[in-house]
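User: I am new to this structure and would like a close look at a single part of it. Could you take one strand and explain carefully what surrounds it?

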Amino acid sequence: MDVAIIGTGLIGGSLALDLRSSGFAHRLIGVDRNPQHAEMARRLGLVDEMLPLEDAVAAPLIVVAIPVDEAVRLLPSLLDRIGPGHTVTDVCSTKRSLLQAVATHPRRDRFVAGHPMAGTEYSGPSAARPGLFSGRIGILCDVGFSSPDAVRMVEAMYTAVGMVLVYMDAERHDLHTAYVSHLSHVVSYALALTVLDKERDERQIFNLAGGGFASTARLAKSSPTMWTPIFRHNTDYLLAAVEAFQKRLAEFRSALERGDSAALDGLISRANDIRRILDRPTGS
């Protein structure tokens with residue numbers, strides 16, 4: 001089957017690699033308005049060919065793998081162009097604005113909102129890597145508004161690359177991702193800025209940075225082209241998550257100011273309960 005991927009960066013490129021190796025896609029078509037990315041995707045063999053959007057929409061399955069603000073603008077016109085029975089899906093990290101953009105479209109049923117919960121801090125075609133999605137959660141949202149055959153098509157794609165399927169509505173999706181994904185990026189960006197400010201005065205600080213700092217600040221290397229739109233499209237839930245985080249941060253500050261070791265021990269011990277989430281098998 002032909003699969004067209006609009007956006008050949010980390011997610012789109014990695015998806016292309018796995019769809020090829022799994023045998024799900026026999027021909028991979030790339031669409032990318034960035035000429036450098038388009039050339040790199042060709043050179044790396046992520047896709048078989050790069051085509052203009054108006055030609056790529058002939059593919060029976062089209063994956064939108066571009067920043068969410070661009071996806072919101074593109075999706076209605078993309079649905080205008082597809083043929084009967086074709087399926088469109090996306091990989092965006094927020095869902096409500098995307099679904100609102102097509103809520104009244106006559107071909108809304110051909111769109112399946114998706115979010116593969118996978119990625120790295122790197123971007124562009126050179127960041128694509130095989131196996132990125134294996135064992136990870138693949139979320140499908142508001143599937144009741146999509147045609148059953150379109151849903152089956154996207155389910156088959158996610159299964160082909162090794163993802164564990166989870167279903168939820170757009171509101172719950174955006175709420176949960178605000179806490180488990182988007183807040184993590186805000187915290188990482190803030191930590192990086194804090195250390196960079198200090199590093200201006202004390203050049204040795206990065207010589208002392210160990211694994212703990214590297215793992216916590218890793219997400220701060222993520223591209224603003226992708227993450228600024230995510231923050232903007234999920235502002236209400238992200239603000240609530242930031243406020244909740246600030247309350248916990250204030251508890252640590254208060255305990256430190258008081259020299260209250262028992263309070264610190266209690267906060268750390270309660271935080272250790274995160275093992276229940278992080279150490280359990282995916283999808284359980």
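Analyst: What follows looks closely at strand β5, starting with the sheet that holds it and moving on to its neighbours, before turning to a pair of helices.

The model is a predicted one, and in it eight strands form an open sheet with mixed pairing, in the order β3-β2-β1-β4-β5-β6-β7-β8. The edges of this sheet are β3 (49-50) and β8 (164-168), each of which pairs on one side only. In the order of the sheet, β5 stands between β4 and β6.

Strand β5 covers residues 87-90, and both of its faces are covered, with Thr87 and Thr89 buried on one side and Val88 and Asp90 buried on the other. On one flank, β5 pairs in the parallel sense with strand β4, residues 61-64, over four bridges. Within that pairing, Val64 has Asp90 of β5 as its bridge partner, and Asp90 is also among the residues of the strand that are buried. To get from β4 to β5 the chain passes through helix α4, residues 68-81, in a β-α-β crossover that is right-handed.

On the other flank, β5 runs parallel to strand β6, residues 111-116, and is joined to it by two bridges. Here Thr89 stands opposite Val112 of β6. The chain reaches β6 from β5 by way of helix α5, residues 96-102, and this β-α-β crossover is right-handed.

Further along the sheet, strand β7, residues 137-141, runs parallel to β8 and is joined to it by five bridges, with Leu140 standing opposite Tyr167 in β8.

Beyond the strands, a pair of helices can be described in a similar way. Helix α7, residues 170-199, packs against helix α10, residues 235-258, at an angle of about 55°, and their axes are 8 Å apart. Because of that angle, α7 counts as oblique to α10, and the crossing of the two helices is right-handed. From α7, the residues in contact include Asp174, Leu175, Tyr179, His182 and Val186, while those from α10 include Tyr237, Leu238, Val242 and Phe245.

In contrast to the buried residues of β5, Glu39, which is found in helix α2, residues 35-43, is partly exposed, with a relative accessible area of 37%. Glu39 and Glu49 are ten residues apart in sequence, and their C-alpha atoms are 9.9 Å apart in space.

Terms used. Residues are numbered from 1 along each chain as its sequence is written. This is a predicted model: local features need pLDDT of at least 70, side-chain atom pairs count only at pLDDT 80 or more; totals for chains, interfaces and linings use all residues. Side-chain values use heavy atoms; hydrogens and water are left out. Buried means under 20% relative accessible area, exposed over 50%, partly exposed in between (1.4 Å probe, protein chains only). Two strands pair if DSSP finds at least two bridges between them. A crossover is right-handed if, with the strands pointing away from the viewer, the path from the first strand over the helix to the second runs clockwise. Axes are lines fitted to C-alpha atoms, for helices over the stretch in contact, and angles run from 0 to 180 degrees between N-to-C directions. Angles under 35 degrees count as roughly parallel, over 145 as roughly antiparallel, 65 to 115 as roughly perpendicular and the rest as oblique. A crossing is left-handed if the near helix is turned anticlockwise from the far one by less than a right angle, and right-handed if clockwise. Contact means heavy atoms within 4.5 Å.
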